[in-house]
Amino acid sequence: MPGQAQDPASGGRGAACLAASAFLHPFPALLAALIGAILPQDRAAAAGMGASCRAGEFREDSLAGIGVRGELILSSGRRAVLSDLRWSDEPMIEAQARSWLESFRGAPLLLRERGPEDRWGRRRIDALVGEAEPVDLAGGLIAAGLAYADAGEADSLCRSALRGLEEAPRAARRGVWAEGTIAATDVARLARRSGRFAVVEGRILAIGERPARTYLDFVRRGEQGLTVTVQKRTWRSLAEHGLSAATLRGRLVRIRGMVETGRGPVIDLVGAEDIEVVEGERALRR
């Protein structure tokens, strides 16, 4: 059924435990043991990122409730949102995600804050819950197909390893992936996502570099399909990651971002992590 996600109490919970092991070990007595358990690649990546990924100290709290769009209400009175996670805008999936988080109400929570408060006074956090079988909250939602691994309003994706947890639900068409990844040539589906977040796949056929921005085209001139715009600063960032006109032209890629509609569907690429070369995957599973 479209929009139906895996039962988080089964495979989703198991994957969340694996994600937890990639975040922290189960509640040891010494804080130093926790710090040493962060994935090396995430630790290295965070070191090169800006203020939005700067991690604070670990502390304990518990979950008192769930607010709008996955806002976490903590027993300490603080409000938070999970870092590196984009909440679904589909009502059925949102309800499933809320239910999954509610199952941890009152349980011990180990968290660390990332970056400054957002405009609503909330902190972005990494959160691990449970002692005997620890669960990474962001990883659990992503692995169950109930959310995307995405930087959202932050500058960067702080825990890039979370992207790997999307693979299983995407292949099985669970939750946010139920209808499959949107093809860059599927104008009808792109139009339905206008003003909303989307993940799109396609082959880059042409690249136009201009002084202010670069254009990535996925269809031939005169045909309808997605255009991705890349601002000059972001284009330089892509070059630092080895992505240029020479390396991207003709490649199959996955794009993330907000869909806007002009003469056709457009996504403005926000950061280098919002474009993935997927030549090695079986893309656009149908």
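Here is a short tour of one protein chain, from its overall make-up to a helix and a few loop residues.

This is a predicted model, in which local features need pLDDT of at least 70, side-chain atom pairs count only at pLDDT 80 or more, and totals for chains, interfaces and linings use all residues. Residues are numbered from 1 along each chain as its sequence is written, and side-chain values use heavy atoms, with hydrogens and water left out.

**The whole chain**

The protein chain has nine helices and 16 strands; these are DSSP runs numbered from the N terminus, with helices being H or I of at least four residues and strands E of at least two. Of its 286 residues, 50% count as buried. Buried means under 20% relative accessible area, exposed is over 50%, and partly exposed is in between (1.4 Å probe, protein chains only). Take the contacts (heavy atoms within 4.5 Å) between residues at least 6 apart in sequence: 64% of them join residues at least 24 apart.

**Helix α8**

Which residues of α8 are buried? In this helix, residues 232–240, they are T234, W235 and L238. They sit on the same side of α8 because they cover an arc of only 105 degrees around the axis, going by the directions from the helix axis to the C-beta atoms. Those buried residues pack against β11 (206–209), β12 (213–217), β13 (227–231), α9 (245–248), β15 and β16. Turned away from the buried side is a face with the exposed residues R233 and E240. After α8 comes G242, with a positive phi near 80 degrees.

**Two loop residues with positive phi**

Most residues other than glycine have a negative phi. Here are two that go the other way, neither of them a glycine.

| Residue | Phi | Loop | Relative accessible area |
|---|---|---|---|
| R69 | about 50 degrees | between β1 (55–66) and β2 (72–74) | 40%, partly exposed |
| D84 | about 65 degrees | between β3 (79–82) and β4 (85–87) | 2%, buried |

**A buried charge**

D274 is in the loop between β15 (265–269) and β16 (275–277). How far away is the nearest side chain of opposite charge? That side chain is R163, 4.1 Å away, and D274, though buried, has no salt bridge. A salt bridge calls for a side-chain nitrogen of Lys or Arg within 4 Å of a carboxyl oxygen of Asp or Glu. For charge, Lys and Arg count as positive and Asp and Glu as negative, while His and the chain ends are not counted. Leaving aside neighbours within four places in sequence, D274 is in contact with D150, R163, R254, I255, R256 and L269.
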